Amino acid sequence: MKNTINKPIKPLVIGKVGKAYGILGWITIFSFTEKKEQIFSYLPWFFLKDNQWTKITVNNWKKYKNNFIVSVNNIFDRSIIKNFTNANIIISQNTLPLLKKNNYYWNDLINCTVFNTNHNYIGKVNNLIRTKNNDVLIVYNQFSQLKKNILIPFIENQIIKNINIYNKLIIVTWN
């Protein structure tokens, strides 16, 4: 089960490990994927804890409250699985399916440079948030004296004019 040689290519965090569940080696996990159950479509998983990579094979999983509990291959003891509490659940980015044109994974938008349509630098995307109506880019301008995040609604064509993932560039209608 434990293999420190294997580690993901282009690591991407998709969840977090919670506490051990029961005495038979099950563990709680928290999914960061848009549709929570999709976390089980992106295998294999790697746990990263204390700079140590461990490749994980999921034996079984069940929905539990608002999260999931997971049985890991060859772990049948609570005292072993609890060592992974608070580890990140990581996959290789190439595990994600290819998207259609003009669809983006959030992680593709992180660190994109944002300019407005007048060619003025606004900042870099450092995060996104989901709201009831639309997603929102959180943009930080390290040169601004205000040192505040700028929240830009992710409304394509109206506010988001162009996204170039390859050049990490986003053009917006914004002052």
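Strand 1 (11-21) and strand 2 (26-31) pair in the antiparallel sense over five bridges. The model is predicted. Strand 2 also pairs with strand 6 (residues 67-72), again in the antiparallel sense, over four bridges. The briefing starts from these strands, then turns to the pockets and to three buried residues.

**Strand 2 and its partners**

- Within the pairing of strands 1 and 2, Lys16 stands opposite Phe30 of strand 2.
- The hairpin of strand 1 and strand 2 has four residues between the strands. Gly22 takes a positive phi there, near 75 degrees.
- On the strand 6 side, Ile27 has Val70 as its bridge partner.
- Why is strand 2 described as largely enclosed by the rest of the structure? Five of its six residues are buried, so the description follows.
- In a regular strand, side chains alternate between the two faces of the sheet.

**Thr33, in the loop after strand 2**

- Thr33 sits in the loop that runs between strand 2 and strand 3 (45-49).
- Its relative accessibility is 10%. Thr33 therefore counts as buried, since the cut-off is under 20%.
- Which backbone oxygen does the Thr33 side chain reach at 2.9 Å? That oxygen belongs to Lys35.
- The Thr33 side chain also reaches the backbone oxygen of Lys36, at 3.4 Å.
- Beyond its neighbours within four places in sequence, Thr33 is in contact with Ile14, Gln38, Ile39 and Tyr42.

**Largest pocket**

- The volume of the largest pocket is about 820 Å³.
- Its lining is made up of 27 residues. Nearest the centre lie Glu34, Tyr104, Tyr105, Trp106 and Arg130.
- Which elements each supply at least two residues of this lining? They are strand 1, helix 2 (106-109) and strand 9 (121-130).
- By class, the lining of the largest pocket divides into 15 nonpolar, six polar and six charged residues.

**Second largest pocket**

- This pocket has a volume of about 570 Å³.
- There are 19 residues lining the second largest pocket. Closest to its centre are Asn103, Tyr105, Asp108, Ile165 and Tyr166.
- Helix 2 and strand 12 (160-164) are the elements giving two or more residues to this lining.
- The lining of the second largest pocket holds nine nonpolar, six polar and four charged residues.
- Tyr105 is named among the residues nearest the centre of the largest pocket and among those closest to the centre of the second largest.

**Leu128, in strand 9**

- Leu128 lies in strand 9, one of the elements that line the largest pocket.
- Is Leu128 buried or exposed? Its relative accessibility is 4%, so Leu128 counts as buried.
- Leu128 and Ile138 are 10 residues apart in sequence. In space, C-alpha to C-alpha, they are 5.4 Å apart.
- Leaving out neighbours within four places in sequence, Leu128 is in contact with Trp106, Leu109, Ile110, Val136, Leu137 and Ile138.
- Trp106, one of these contacts, is also among the residues nearest the centre of the largest pocket.

**Thr113, in strand 8**

- Thr113 belongs to strand 8 (residues 113-116).
- With a relative accessible area of 16%, Thr113 is buried.
- Outside its neighbours within four places in sequence, Thr113 is in contact with Tyr121, Gly123, Lys124, Lys168, Leu169 and Ile170.

Note on methods
Residues numbered from 1 in each chain as written. Predicted model: local features only at pLDDT ≥ 70, side-chain atom pairs only at ≥ 80, totals over all residues. Heavy atoms only, no water. Buried < 20%, exposed > 50% of the residue type's maximum accessible area, 1.4 Å probe, protein only. Polar contact = N/O pair within 3.5 Å; in protein donor to acceptor, adjacent residues only side chain to side chain. Contact = heavy atoms within 4.5 Å. 1 Å grid on protein atoms, 1.4 Å probe; cavity = no way out; pocket = protein on both sides within 12 Å on 5 of 7 lines; lining within 4 Å. Points joined across faces, edges and corners; volume = space filled by probe spheres on them. Nonpolar A, V, L, I, M, F, W, Y, C, P; charged D, E, K, R; others polar. Pairing = 2+ DSSP bridges.
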